Amino acid sequence: MSKNKNNFINVNNSRETDQIEVMKKIADEAHCPFCEENLRLYHKNPILKEGEFWLATKNQWPYKHTKHHMLLIYKKHATKLSELESAAGSELFSMIKELEKEFKFEGGGFAMRFGDTDFSAGTVNHLHVQLVVPDAMAKDFEPVKIKLGLQWERRI
Ligand SMILES: [Zn+2]
């Protein structure tokens, strides 16, 4: 396994320079940055909501051209969909509905990557949902894309 990819992280999927630096440090530590005991070490944004299964917060490295980019992080370490408790689905939808109301989302989308990070294009291999409201009324707006899968050239 390369230095950039371990069970918890895949630096090759990182986007921003400062994100890459933080992710390399996390890769060296070989622990999961989204597990609760480590989240506070790296994640600087406040927790907006906490349920039995999920934490909702703002992404530290929002995608370009987003008005809101939130993360809903599963509270237990899990990487596969089969590890999710079924009741977590219900709580996830409740939380997303509350966020839509509270932040007055006009529209957007959400996605959850899972499994092997070469397939998912996830940086952190711990189940989390990306909830995105694009900044669609901005003059320089370009559509927000969520990618899946890592191109061969980046697998170092
Ligand atoms: Zn974890």
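**Exercise 1. A ring and its partner**

Is Phe53 buried or exposed? Work that out in this predicted model, then find the ring that Phe53 pairs with and say what the pair ties together.

*Solution.*
Step 1. Start with the accessible area: Phe53 has a relative value of 7%. Buried means under 20%, so Phe53 is buried.

Step 2. Now look for aromatic pairs. Searching the whole structure turns up four of them. In one, Phe53 joins Tyr74, with 6.5 Å from centre to centre and 5° between the planes. Planes under 30 degrees apart count as stacked, and that is the label this pair gets.

Step 3. Place both residues. Phe53 sits in the loop between strand S1 (47–50) and strand S2 (54–58), while Tyr74 belongs to strand S3 (residues 66–74), so the pair ties together parts that are 21 residues apart in sequence.

Step 4. Check the partner too. Tyr74 is buried, at a relative accessible area of 2%.

Step 5. Widen the view a bit: Trp54 joins Phe53 and Tyr74 in one aromatic cluster.

**Exercise 2. A pair with another geometry**

Classify the pair formed by Phe93 and Phe110, and say where each ring lies.

*Solution.*
Step 1. Get the geometry. The ring centres of Phe93 and Phe110 are 6.0 Å apart, and the planes meet at 80°. Over 60 degrees counts as edge-to-face, so that's the class for Phe93 and Phe110.

Step 2. Locate the rings. Phe93 is in helix H3 (residues 86–102) and Phe110 is in strand S4 (residues 109–112), which makes this a link between distant parts of the chain, 17 residues apart.

Step 3. Check the exposure. Phe93 comes out at 49% relative accessible area, which is partly exposed. Phe110 is partly exposed as well, at 41%.

Before leaving the rings, look at Trp152: the charged end of Arg155 sits over its ring, 4.1 Å from the centre.

**Exercise 3. Two cysteines**

How many disulfides does the model have, and are Cys32 and Cys35 buried or exposed?

*Solution.*
Step 1. Recall that a disulfide is a covalent bond between the sulfur atoms of two cysteines. The test here asks for a pair of cysteine sulfur atoms within 2.5 Å.

Step 2. Apply the test, and the count is zero.

Step 3. Take the cysteines one at a time. Cys32 is buried, with 3% relative accessibility. Cys35, at 11%, is buried too.

**Exercise 4. The nonpolar cores**

Which elements build the largest nonpolar core, and which gives the most?

*Solution.*
Step 1. As background, nonpolar side chains tend to be buried together in soluble globular proteins.

Step 2. Take the largest core, which has 17 residues; Trp54, Leu72, Tyr74, Leu92, Leu99, Phe105 and Leu131 have the most contacts inside it.

Step 3. Sort by element. S2, S3, H3 and strand S5 (128–134) each give two or more residues to this core. H3 contributes the most, with five residues.

Step 4. Don't stop there: a second, separate core has 15 residues, among them Ile26, Phe34, Leu55 and Val124.

**Exercise 5. Empty space**

Find the largest cavity and the largest pocket, and describe what lines each.

*Solution.*
Step 1. Begin with the enclosed space. One cavity of 30 Å³ or more shows up in the whole structure. The largest cavity holds about 70 Å³.

Step 2. Walk around its wall. Residues lining the largest cavity include Thr79, Arg113, Phe114, Asn125, His126 and His128. Val124 is also one of the lining residues, and you've already met Val124 in the second core.

Step 3. Move on to the open space. The largest pocket comes to about 630 Å³. Its lining has 33 residues, with Arg15, Gln19, Asn59, Trp61 and Tyr63 lying nearest the centre.

Step 4. Assign the lining to elements. Helix H1 (17–29) and S5 each supply at least two residues, and H1 gives the most, with four.

**Exercise 6. Positive phi in loops**

Where do His65 and Lys104 lie, and what are their phi values?

*Solution.*
Step 1. His65 is in the loop between S2 and S3. Its phi is near 65°, positive even though His65 isn't a glycine.

Step 2. Lys104 lies in the loop between H3 and S4, and this non-glycine has a positive phi of about 50°.

Step 3. Finish with exposure. His65 is partly exposed at 25%, whereas Lys104 is exposed at 64%.

Definitions and conventions. Residues are numbered from 1 along each chain as its sequence is written. Side-chain values use heavy atoms; hydrogens and water are left out. Buried means under 20% relative accessible area, exposed over 50%, partly exposed in between (1.4 Å probe, protein chains only). A charge sits over a ring if NZ of Lys or CZ of Arg is within 6 Å of the ring centre and within 35 degrees of the ring normal. A nonpolar core is a set of buried Ala, Val, Leu, Ile, Met, Phe, Trp, Tyr and Cys residues joined through side-chain atoms within 4.5 Å. On a 1 Å grid over the protein atoms alone, a cavity is a set of points where a 1.4 Å probe fits but cannot get out, and a pocket is an open set with protein on both sides within 12 Å along at least five of seven lines; lining residues have an atom within 4 Å of a point. Grid points are joined across faces, edges and corners, and a volume is the space filled by probe spheres set on the points.
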